[in-house]
Amino acid sequence: MKPEPLSYDTAPPASQAVIDDIKQTRNVEDVNDFWKYLANDPVTMKRTWESVKEVMQPGALDVLTKEMLYLAVSITNSCTYCIASHSAAAAKAGMSKEMFGELVAVVGMANETNRLVTAYRVPVDKAFGG
């Protein structure tokens, strides 16, 4: 069974409350399709939104850094939707084309060296706490 996205009018009241909070918090007219699909499960939707809202707000890391980290993980996980969403959010927060290029280079290099270390079963050096 593949769930369908729900419009505000067809979403359960608990999901409508989350949609209202997202729209108010982000100052947007409508929510992304991700939230329209999650509206099928109000409990998961609320839990996810509360976590996203808490984690992605400015803190010790600024919003741009958080969006770029999210983008890096999304690239590694091959999540096309998340790559598009967080590329747009990172660009809105100030990511330049050059920053994106360097980010992709680091993600690619990290994935390559992670796999090499894993394949060779390299133990952690004593200097790094191993």
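Trainee: Why is Lys-53 called partly exposed?

Mentor: Lys-53 has a relative accessible area of 27%. Buried would need under 20% and exposed over 50%, so Lys-53 falls in between and counts as partly exposed. Bear in mind that this is a predicted model.

Trainee: What makes Lys-53 and Asp-21 a salt bridge?

Mentor: The closest N and O atoms of Lys-53 and Asp-21 are 2.7 Å apart. The cut-off is 4 Å, between a side-chain nitrogen of Lys or Arg and a carboxyl oxygen of Asp or Glu, so this pair qualifies. Lys-53 lies in helix 3 and Asp-21 in helix 1, so the bridge ties together parts that are 32 residues apart in sequence. Asp-21 is partly exposed, at 21% relative accessible area.

Trainee: How do you know that Lys-53 also forms a salt bridge with Glu-50?

Mentor: Again by distance: their closest N and O atoms are 3.9 Å apart, and the limit is 4 Å. Both residues sit in helix 3, 3 residues apart, or about one turn of the helix. Glu-50 is partly exposed, with a relative accessible area of 36%. Salt bridges that share partners join Asp-21, Glu-50 and Lys-53 into one network.

Trainee: How many salt bridges does the structure hold?

Mentor: There are 4 of them. One of these pairs Asp-33 with Lys-36, with the closest N and O atoms 3.9 Å apart. Those two residues are 3 apart in helix 2, so about one helical turn separates them.

Trainee: Is Lys-36 buried or exposed, and what makes it so?

Mentor: Lys-36 is buried, because its relative accessible area is 18% and the cut-off is under 20%. Its partner Asp-33, at 42%, counts as partly exposed.

Trainee: Which residues have the most contacts inside the largest nonpolar core?

Mentor: That core has 13 residues, and Ile-22, Trp-35, Met-45 and Trp-49 have the most contacts inside it. Helix 1, helix 2 and helix 3 each supply at least two of its residues. Another core lies apart from it, with 8 residues, including Leu-64, Leu-71, Ala-72 and Val-107.

Trainee: What does Trp-49 touch, leaving out residues up to four places away in sequence?

Mentor: Trp-49 touches Val-18, Asp-21, Ile-22, Thr-25, Arg-26 and Trp-35. Asp-21 appears here as well as in the salt bridge with Lys-53.

Trainee: Why is His-86 called buried?

Mentor: His-86 has 12% relative accessibility, which is under the 20% cut-off, so it counts as buried. You will find it in helix 5 (residues 80-92). Leaving out residues up to four places away in sequence, its contacts are Glu-67, Tyr-70, Leu-71 and Ser-74.

Trainee: How do you know that the span of helix 6 agrees with its 24 residues?

Mentor: At 1.5 Å a residue, the expected span is 34 Å, while the end C-alpha atoms are 35 Å apart, so the two values agree. Leu-103, Val-107 and Asn-111 are buried residues of this helix. Helix 4 (63-76) is included in what covers the buried residues.

Trainee: What phi does Arg-121 take just after helix 6?

Mentor: A positive one, about 55°, in a residue other than glycine. Arg-121 is exposed, because its relative accessible area is 73% and the threshold is over 50%. Asn-27 has a phi near 55° too, in the loop between helix 1 and helix 2 (33-38). At 69% relative accessible area, Asn-27 is also exposed.

Trainee: Which residues make the nonpolar surface patch of about 400 Å²?

Mentor: Leu-116, Val-117, Tyr-120 and Val-122 make it. A patch residue needs over 30% relative accessible area, and Val-122, in the segment after helix 6 (97-120), has 44%, so it counts as partly exposed.

Trainee: How far apart in space are Ser-7 and Tyr-37?

Mentor: Their C-alpha atoms are 9.2 Å apart, although the residues are 30 apart in sequence. Ser-7 belongs to the segment before helix 1 (13-26). With a relative accessible area of 36%, Ser-7 lies between the 20% and 50% limits, so it is partly exposed.

Terms used: Residues numbered from 1 in each chain as written. Predicted model: local features only at pLDDT ≥ 70, side-chain atom pairs only at ≥ 80, totals over all residues. Heavy atoms only, no water. Patch = residues over 30% accessible without salt bridge, like charges linked within 9 Å, V, L, I, M, F, W, Y side chains within 5 Å. Areas by Shrake-Rupley, 256 points an atom, 1.4 Å probe, with all protein chains shown as cover. Helix = DSSP H or I, 4+ residues; strand = E, 2+ residues; numbered from the N terminus. Buried < 20%, exposed > 50% of the residue type's maximum accessible area, 1.4 Å probe, protein only. Expected span 1.5 Å × (residues − 1). Contact = heavy atoms within 4.5 Å. Core = buried A, V, L, I, M, F, W, Y, C linked by side-chain atoms within 4.5 Å.
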